[in-house]
Amino acid sequence: MTAESSHKFIVVGGGLSGTLVAWELEKRDVEYEVWDAPKGKAAQDSHEPSEPNSSNQASRVAAGMFNPVSFKRIVEVWNAREHMEVMRETYLQMELFLKMPGKILHHSPIMRIFPSAQYKILWKKRVQESHAVSQFIEPASDENLTDVIAPHGFGIVPEAGWVDLPLLLDSFRSFLESKGRFKEKTYHASCKENHPSSKFIDCRGVGASEELACHNLKIQSDHGEVLTLTSNINTKNRCLNRVKWLLPRGNNTYKLGSTYKWNVAKSLPSSEGREELLSSIQPVLSPEIFDRFEITNHETGFRPASKDRRPYAGRISENTYILNGLGTRGVLIGPATAAHLVRYIMDGKELPHEINTDRYFVEQI
Ligand SMILES: Cc1cc2nc3c(=O)[nH]c(=O)nc-3n(C[C@H](O)[C@H](O)[C@H](O)COP(=O)(O)OP(=O)(O)OC[C@H]3O[C@@H](n4cnc5c(N)ncnc54)[C@H](O)[C@@H]3O)c2cc1C
């Protein structure tokens, strides 16, 4: 256990992890600043060898969705209720603080299109048997839909939605800049020597993977692609889910995502990725809708994922803490994890074992 109060904190990384940690520090009125690498510069400045270890900014690519349900087996995700509550409270507080109520946290129920009759039976069973997931799902529906094809019916997850991450990150960064607390700066290991009395909180996502690997904290760089498109489909503000998802973002704009691949060396939009996304959603859309999709953007990035799909939070050296490994669910699990980390640093509160770096940490490999 540890408790810190008199040191200046340097948060490295201006993605979702860094922003959430900075927000926790801001609430406590402690001295801190945030460093983020200039766009596209971290790779060359930090001499990182390959794209996954460089200037990746997953938070700028992410659709920002949150969903308390895992559709594979129709169960609630890890710590769903706690994470949903902390998440909602955090983003709502940040919206108010940044003077943009209603702009960052968005409600968009998920319409899970049932892939088979057996799946529908399982969904109904979960509801009838009051399974823990039943607090997050509505009874199966057979409603006829104009633009969507769902021969086995569908189920709704009413509490799902999305966070406008670019807006959140940019707005918080503007706030930091106005207080002189933001630096466009690339971190190197030698930075610690130049700031001996500072405490670093490293939130570099995949940019920290080499350093963390030395401590047995493996960061897997899971590659993903997302399309932005315009369409006149009417989903009633619902996000369609059928293997992939189609998320409404307002003004006839939708995000279609996302692919999931390991061992990708360079993050680039691919025609395979584009086809995979389009062909996965095509079967549930009427041809009139699908044929009129207009693709306006194609983005890619690496998700920083841990060994066991739980975040890494904790201390890795005398003056360095980390928050990393937010994986595919950063929006949902990030707020509670950042709050736990800052309580650990500032108040000496024990970290939950599931997220504590101690579960894998070794001094140096
Ligand atoms: C295609 C795709 C779709 C996704 N969709 C979703 C979704 O819908 N919902 C969801 O919850 N999650 C989603 N995710 C996952 C989500 O993006 C991550 O969980 C989250 O954004 C990770 O945030 P981070 O701050 O840890 O990493 P990043 O966002 O990558 O931030 C790391 C930051 O560190 C900076 N940095 C790196 N090296 C240095 C250095 N040496 N010096 C200074 N700064 C440095 C970078 O510039 C960057 O700003 C998706 C990810 C991808 C790739």
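Student: How do the residues of the shell around the ligand divide into nonpolar, polar and charged?
Tutor: In this predicted model, they split into 18 nonpolar, 22 polar and 4 charged. Ala, Val, Leu, Ile, Met, Phe, Trp, Tyr, Cys and Pro count as nonpolar, Asp, Glu, Lys and Arg as charged, and the others, Gly among them, as polar.

Student: And which residues are the closest to the ligand?
Tutor: Gly15, Gly205, Gly207, Gly224 and Gly330 are the closest of the 44 that surround the ligand. A residue is near if its C-beta atom, placed from the backbone, lies within 6 Å of the molecule. Numbering starts from 1 along each chain as its sequence is written.

Student: Which element gives the most to that shell?
Tutor: Strand 16, with 4 residues. Helices (H or I, at least four residues) and strands (E, at least two) are DSSP runs, numbered from the N terminus.

Student: Where does the ligand lie relative to domain 1 and domain 2?
Tutor: Between them, because domain 1 (8-61 + 165-217 + 307-359) and domain 2 (220-304) both give residues to the shell. Those bounds come from an automatic or database domain assignment.

Student: How far apart are the C-alpha centres of the two domains?
Tutor: They lie 28 Å apart. The contact between them takes 15 residues from domain 1 and 11 residues from domain 2. Two residues are in contact if their C-beta atoms, placed from the backbone, lie within 7 Å.

Student: Switching topic: which residues touch the most other members of the largest nonpolar core?
Tutor: Val11, Val21, Val163, Cys239 and Leu341, out of 96 residues in that core. Helix 11 (residues 330-347) supplies the largest share, 9 residues. A nonpolar core is a set of buried Ala, Val, Leu, Ile, Met, Phe, Trp, Tyr and Cys residues joined through C-beta atoms within 7 Å. Buried means 20 or more other C-beta atoms within 10 Å of a residue's own, exposed 12 or fewer, and partly exposed in between, with C-beta atoms placed from the backbone.

Student: What is Val163 in contact with, leaving aside neighbours within four places in sequence?
Tutor: Gly64, Phe66, Tyr91, Ile104, Leu105, Leu168 and Val331.

Student: How much of the whole protein is buried?
Tutor: 46% of the 365 residues.

Student: And how many helices and strands are there?
Tutor: The protein has 11 helices and 18 strands.

Student: Any cut-offs on model confidence, and what are they?
Tutor: Local features need pLDDT of at least 70 and side-chain atom pairs count only at pLDDT 80 or more, while totals for chains, interfaces and linings use all residues.
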